[in-house]
Structure formats: C-alpha cells, structure tokens
Amino acid sequence: MAAAATAAEGLPSRGPPGEVIHLNVGGKRFSTSRQTLTWIPDSFFSSLLSGRISTLKDETGAIFIDRDPTVFAPILNFLRTKELDPRGVHGSSLLHEAQFYGLTPLVRRLQLREELDRSSCGNVLFNGYLPPPVFPVKRRNRHSLVGPQQLGGRPAPVRRSNTMPPNLGNAGLLGRMLDEKTPPSPSGQPEEPGMVRLVCGHHNWIAVAYTQFLVCYRLKEASGWQLVFSSPRLDWPIERLALTARVPGGALGEHDKMVAAATGSEILLWALQAEGSGSEIGVFHLGVPVEALFFVGNQLIATSHTGRIGVWNAVTKHWQVQEVQPITSYDAAGSFLLLGCNNGSIYYVDVQKFPLRMKDNDLLVSELYRDPAEDGVTALSVYLTPKTSDSGNWIEIAYGTSSGGVRVIVQHPETVGSGPQLFQTFTVHRSPVTKIMLSEKHLISVCADNNHVRTWSVTRFRGMISTQPGSTPLASFKILALESADGHGGCSAGNDIGPYGERDDQQVFIQKVVPSASQLFVRLSSTGQRVCSVRSVDGSPTTAFTVLECEGSRRLGSRPRRYLLTGQANGSLAMWDLTTAMDGLGQAPAGGLTEQELMEQLEHCELAPPAPSAPSRGSLPSPSPRISLTSLHSASSNTSLSGHRGSPSPPQAEARRRGGGSFVERCQELVRSGPDLRRPPTPAPWPSTSLGTPLTPPKMKLNETSF
C-alpha cells in the first residue's frame, strides 16, 4: 500500500538522489544523476526509476530507451540546467519527444515558442469566419419556404464574418446533430454530419453543403457575409452542389438565383431571394448517378459517365433527359456546353437555343470533333478569344486523352461549316490526362500520376493563338494529394485541386496533402510556385475548399477580390484573401512544399499502398492497408521523398481518442499490450494546458490519387 501511494504521488522510491544513472538512448550512451532525471514529477523518467514501468537494459547494464539520441541531448540538457538549447533540432521533433517523456515545463515552453508565429485570428490573409449554422427542421413538403432560420418565430442571430465563434460546447449545430442518426451515403460509408462537405461560390454568393442540408450566404457591402437561406433537413446526404447568382433585376425574375443539390440520381432545386428566403422548384431524376452538377447561365446541367445528360431550363420550366455517348469530361464557355466522350468524340450543345431546338422531346447534341486516334477525351477546356470581327469569336479547345495525349484544336469564325482544325499535339504524359486548362497565356495539363502537371507558354497574335513561335514548355511539377482509403475526410468533389481563376488572369492550384490536414498550399498553376499557405484558425481539419471571384463594391477605387473559402470539420467556414497574396507574390518560397513541410503533413496520416496501376477519373480508392509513398516534384527541385509509418496499437489509438489519463496509466496500458518495450510507440497526446494546442486527430489510412 505504501509503494502504491508513493507511485501515485509520482515520487521515486528507489535509490538515493545522487545515484548515477546510465542510459542507452538509441545506441548512444548518456550518464546523469537520478535527481536530474526525476525532478519533474509524473514524468517518464520518474516512472521508470520508481519501478512503475518495466525497464530493458543492455549488456552493460544501462537502461535502454529506443528514442532519437539527437533529440534527447537537448532534453537532458534542459533537465540539467532548466534552460532550452535546441542545438539545431527541429522544434516539432523536440516538442514531440518532450510530450513522450512527460516533461510538462519543457512542453509548455516549446508550445509557447510555437504560438509566437500563430494566432487564433489567422495571418494577414485571414478575411473572415462564419460559425456553423443552426441545424434546420426536417423537410416536410415539396414547396416549403425556409428563410434565414425561422425557429420559434424569431430569426436566429447571424454572427458577423469578422468575429470568432463563441464556445458553445455541445450546443448549436454539432450538439444537435450528435443526437440525430445520419443515413449512410450511397457508398455505404458513415457520414460526419457536422463537417462541411462542399463549398461553391458565384459572384457575391456562397453555398455550403453539410451532410443533410445546405446554407447560402450573401456578401453585403456594409454588413459583410450574411446567412440568407437554409434548406430543410434532407433524408439523404448531399454529394453534389451547384449555385448561380446572376445580377439583380434579370429577365428571369426570382429564377436569377438558384441553388441545387444532388445525391445518387436525385436533384433538388431551389430559387433564392435576396431578402432571405427560398422556394423549392422541384425534385428531378436523372435515372443514373449524378457525377457532375453545374449551371450554364440559368440552365441546370447534370451529367453521368453512363452517357446520360439532364437539363432544366429556367425559361420553359422543363426537365429534359437524353442519352449520349459515355461522358468522361465536360466544359462550358459562354452558352456552349461541350462534352468529351470515351469514343474520342467531342459533342456540343448551344444552351441558349434550348427552348427553340427541342423537338419530339429530344435535345440536339452535335458532334464537333473526333480524336484522330479515337482515344477517350478525359479532360476538356474551351477558350473563347476576344471578338475581333463581325464573324464572331475563335473557339480554341484543349483536351486530354486516356492515353496521355494533349491536343489543341481551333475553330475559325469564317470556317464554321468545316469544323475545328487540329493545331498542336503533345505526348508528354504516360498516364490519362485528368485536367486541362487553356487560358490567355498558358496551357496546363494534369495527369493521373499523382497530379503531375505540365505547362506551356502560349503565344498569341491579336488575341488568337499563334504558331510563331508557338507554345513552349514552361514547367513540370506535382500537386501531391492523398484521399482517405475508407471514404472519410470529406467529399472528394469538395477537394478539387483546380486550377481556379479567370482565364485572362493568373490561376492557382489548391493543394491539401492529407484529408485530415488543417493547412492548404496555394500554388501558381503555370509554374508551381507557392503563392501562400493558410492554416485553419481553430485547428480543425479542412474538409472542403474552393476559390471565389468576388465582385468589387461601388466604392471609388474598389476592385474585384479573389477569396479562398475553406470549410472545416467542425462546420465553420473561413475566408482568405488571395488577391493580397497574389500582390505579394515572390515573398513566399519559390517551389512547392519543402521536404520538411511534406513530412509534417504526413505525420497526420497513415499511408496505404497505391493501386498497381494509375487510377482513372472516377475510380474508387484502393482499400489496401499499408503503404509507400512516391515522390513530390516541383519546377525548382526534383526531390524524391518517401514516407513509411507503422500502425498504432489499439491501446495507443484508444488513448489518442481519449486525449487524457496520466502518464503512468498510459505506460501501464502499453505494458499490458505487449512485453516488447524496445520500440516505444508514439505516445497519446497529453491533457491540454492553458498554452496547449488542439489535439491531433487520429491518423487515417490513405491511398494516392489524382483528382
């Protein structure tokens, strides 16, 4: 009983304070006194020397500890002098080891050191924060009206975008959703009801989709972002989201602003009013899974890889469904909708002529071009040149194929009847092209090999693409992005890397390395150069993101702004000013992620092995349990990195989920889990202190993929 009481107090019970203790840390010998090791109560060393956890000794009798000796040296120096001397050791590694050894004074000092460069109010790019909305009532009928929260006859308060949310505990959205049983998604995976799944924006409007409902915000010049619409709670999880917000006073009246959500084959469409209400237009069925949902003007378009396309026309109020060839890509420019198909053909529909070209319940879908090799068109980009004559615009189309080819075709206004002409061909990819973008100054292609990007400079004469000197290679780099192997970590449709931005301006990629990451990297799509990196202000993982081109205000000197919108796992939404970041271009590191930054990102996950072949667009992630990681390349460096991490033991994972318990309890639990202490696993997080950082979420098994 006395020994147990002594152990509970965290005091050493064996040996005099001046006894010399010999340690073998990772093969390097250290000698110090018992008093030096045990002056911090309830630490690893006081527990070790008091006999509360078993010890392993080498052939010389020194206590063996299987940890990094380089990081242990400054830790031992702190125990001797109570002064911190990192000696070139990275701060996060030192903090990690200090937490393992249970050295609370050192942990607090290191955390304070890290907090000097971080703030809960973000950095200079942080522009606003929208807290999670109120959980809505269940959808009852087909034409319900739901305003900005008509709960109990009183509108719920909406916090300003430049304020931080209060600490509500289990109240609000998340607390209420914990009591609700969320239906499984069509993929069979359980859903996280409180996280942001999808974000999209148009003009000065934002739509945010959660698992079973969506909300819309509008930017007002004087009051900032305001919640103006919340849908009823749906019976199914939202998988696709689309928004159109045309200028006020349009010809279509209340249908100038609409928002649509889809899952499976069902599509639900609402009309939005600027004063803060919405009316349900209807529920439409495509008959096959909806894989793309978007607006072309005021026409809602839904497509599926099976080859079926659905169109809702805002003028005729008519829902039209038609079969075409299996669709593998699409793009829209002006009123033209182009579809790339797996038979190598590109089809087009003029959306503006829908009301006049419908006959016998059939859409007129015309073949525009067929690939010379008849490879599937897996990526598509249309660029309309400035109008230079009464004949109209040049239409320039870049597309990628399933064999990795990149082609550019051009349609002259004077030769509409003869069809587009092949302009350029590049065969630089060995995997299917998943994304392509033709802009005023650049041609950008992304293939399925871990988002390998190739870019070219485009030469133009009087606005039209030119062969003198022609397109020249510009950069080659990768946008490494991993997704969860078990379907968690957000909706893949909400984590599209881009490129984002207007085609006559600099475009950017958004890189999220692992699903549970709270940090995003913004990189130029033309060169891979880093523009900036942003980190969640509340520490929660980022589950969805997009870029919004926002209109300028009426004030003198105002100009359009570009914002990065990030949806968080706790249901909040943050906004970041990319216009300011682009103005300061050149101050960030020249390349993409550094080796150290990549390894820090991979600390938050457990990697699973890649599939034997490169994944194609729309393929499901491989469920393989373990991994190795390929390389990350940038335009300025060809560094090859690899990561390998073992699976945490079940007791350790449980300790992480708890995030509590004394050091002794955790050590005893680890001892019970297995007798081999030669390789101590990574410890559970320590209980938070006043200077503590948010607990790290459990690691997730991942697969490599390209979006």
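Helix H4, spanning residues 69-81, comprises 13 residues and extends 18 Å from its first C-alpha to its last, close to the 18 Å expected at 1.5 Å a residue. The model in which this helix appears is predicted. At the start of H4, Asp68 places a side-chain oxygen within 3.0 Å of the backbone nitrogen of Thr70. Beyond the other end, the helix is followed by Lys82, whose phi is positive, near 60°. The buried residues of H4 are Pro69, Val71, Phe72, Pro74, Ile75, Leu76, Asn77, Phe78 and Leu79. In reading such a list, it helps to recall that an α-helix has 3.6 residues a turn, so residues three or four places apart point the same way.

Attention now turns to the strands. Strand S27 (residues 433-438) has six of its six residues buried, and it is therefore largely enclosed by the rest of the structure. This strand runs antiparallel to strand S28 (residues 442-447), to which five bridges join it. Within the pair, Ile436 of S27 stands opposite Ser445 in S28. The two strands, S27 and S28, form a hairpin with three residues between them.

A further element is an open sheet of three strands, ordered S34-S35-S36 and paired in the antiparallel sense. Strands S34 (508-511) and S36 (530-535) stand at the edges; each has a single partner strand, so one side of each is left without a neighbour in the sheet. From one strand to the next, the twist averages 20°. Four bridges support the antiparallel pairing of S34 with strand S35 (residues 519-524), and Gln511 stands opposite Phe521 in S35.

How values were computed:
Residues are numbered from 1 along each chain as its sequence is written. This is a predicted model: local features need pLDDT of at least 70, side-chain atom pairs count only at pLDDT 80 or more; totals for chains, interfaces and linings use all residues. Side-chain values use heavy atoms; hydrogens and water are left out. Two strands pair if DSSP finds at least two bridges between them. Axes are lines fitted to C-alpha atoms, for helices over the stretch in contact, and angles run from 0 to 180 degrees between N-to-C directions. Buried means under 20% relative accessible area, exposed over 50%, partly exposed in between (1.4 Å probe, protein chains only). The expected span of a helix is 1.5 Å times one less than its number of residues. A polar contact is a pair of N or O atoms within 3.5 Å; within protein, one must be able to donate a hydrogen and the other to accept it, and residues adjacent in sequence count only if both atoms are side-chain atoms.
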